[in-house]
Amino acid sequence: MVIVAAPSVQADTLTSALSQTYNNNPTLNAMRAQLRATDENVPQALSGYRPVLTGSAFIGPSYTRGRSSPLARIGSETTWPRGVGLTIEQPIFRGFRTQNAVKQAESSVLAGREILRSTEQDVLLDAVTAYTNVIQQQAIVGLREQNITFLREQQRAATDRLKVGEGTRTDLAQTDAALSQGQTAYEVAVSDLNSAKATYLQIIGVAPKSLSVPPINTRLLPKSAEAAVSTGQSRHPLIRAASYNVDTAAFNVKVIEGQLLPTVSLRGDLQHQDDPSVTGSWGNSASITANLTVPIYEGGVVYSQTRQAKETLGQRRIQLDSARDQVRAAAVSAYGQLEAAIASITSAQSQVKASQLALEGVIEEQKVGQRTTLDVLNQQQSLLQARETLILAQRAQIVASYTLLSTAGGLSAENLALKVQRYEPKQHYEAVRDKWIGLRTPDGR
């Protein structure tokens, strides 16, 4: 089976694989781009403090036909009046909409940063899962390959015994059937391994090469389920994002209510106009006015929008409570899965040891005629299942450890001390926050 070719850079350790994921994963990079787009909401909101400057120009034919007195002849004239103008309008008071819109935009940026942190955790956990899946499948392929070697030896021995009259055709048929079943299981394991490698390439960005079983850094893990819940409630990005979303919704209510308040602005106008009907005729004008606008009735739309925004605010508060419950349940579940995995490893190790001794005993008993070939085959299958159970439990312990770290809000490049150039959301935010003009993004696009 063929795996799609990948870049030559290989990730051998879990740490290097996570570093590759942090730098290259498309889901994570897309979320960073989304946050950069969210950053632009702040300068858009700040524009409410700034003047609006517009220019205008006009030119066009003017046709006149008539006579100046009853005895005068009828005449006509076509002229081309033209002019230019400049208008500047400076908002003074907008019903507190600008202030609240800025706070709303800033809250949405903070929520976006926490969503990015949550995505980072999810992607890194996916990388851990993909990494350990490859190791697990490689180990299972190796075990099933060893099983085929063992079964072939049993088949050869059964054939030799049949030739010298010490065995039966039933013994040979049993080894043939077991070998066929073992080869099928091996092909299934190879297929699963190729699938795991494809997922690894998709998430981490490079093909797996020589992976090693990662150590578990227990120093980073909460010491109890209660500690995991407490830590997660204070720093999990889903909860923090939901909290900022409540603030965003609250400021949105104030922005909409501001539409019911008066607005005050200053307007300045400059105009120059030529009158071709009179030779050398032109005129300049300038004016400055203070404008007060008082909304009286807007057809009910603003009132409806306000009620709608308040319902959305209520929804965000419910979602915050839901996020807290979700993180609490995930922390308790992850801690339980870790404890179960550790217990399963101990049990599986004992099972492997006992099955190995039992197989050796059955083989010796077969040699003296006290056991059948079927007994050997069954015991070999028991040993194979015990070894695979141990592999599954070891992989489950690693994944559960990182899952527990994620539920506590600690699965990040910074906390894992990954050797990467860390993405700093504040850099883009500070670069665009006070920009008045410019079409190019900070990276030059």
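**Exercise 1. Find what comes after helix α9, then check the helix's span.**

Solution. Start just past the end: α9 is followed by Gly-409, whose phi is positive, near 75 degrees. Residues are numbered from 1 along each chain as its sequence is written. This is a predicted model, where local features need pLDDT of at least 70, side-chain atom pairs count only at pLDDT 80 or more, and totals for chains, interfaces and linings use all residues, while side-chain values use heavy atoms, leaving out hydrogens and water.

Now the span. Helices are DSSP runs (H or I, at least four residues), numbered from the N terminus. Helix α9 covers residues 373–407, which is 35 residues. The expected span is 1.5 Å times one less than the number of residues. From first C-alpha to last, α9 reaches 50 Å, close to the 51 Å expected.

**Exercise 2. Describe how α1 and α5 pack.**

Solution. Two packed helices are described by the angle between their axes and the distance between the axes. Helix α1 (residues 14–24) and helix α5 (residues 169–204) pack at about 55 degrees, with axes 8 Å apart. Axes are lines fitted to C-alpha atoms over the stretch in contact, and angles run from 0 to 180 degrees between N-to-C directions. That makes α1 oblique to α5 (under 35 degrees is roughly parallel, over 145 roughly antiparallel, 65 to 115 roughly perpendicular, and the rest oblique).

Next, look for contacts (heavy atoms within 4.5 Å). Helix α1 brings Ala-17, Gln-20, Thr-21 and Asn-24, and α5 brings Tyr-200, Ile-203 and Ile-204.

**Exercise 3. Locate the largest cavity and name its lining.**

Solution. On a 1 Å grid over the protein atoms alone, a cavity is a set of points where a 1.4 Å probe fits but cannot get out, and lining residues have an atom within 4 Å of a point. A volume is the space filled by probe spheres set on the points, which are joined across faces, edges and corners. The search of the whole structure finds 1 cavity of 30 Å³ or more. The largest cavity holds about 40 Å³ of space. Its lining is Leu-143, Gln-146, Asn-147, Gln-380, Leu-384 and Arg-387. The elements giving two or more residues to this lining are α4 and α9.

How values were computed:
1 Å grid on protein atoms, 1.4 Å probe; cavity = no way out; pocket = protein on both sides within 12 Å on 5 of 7 lines; lining within 4 Å.
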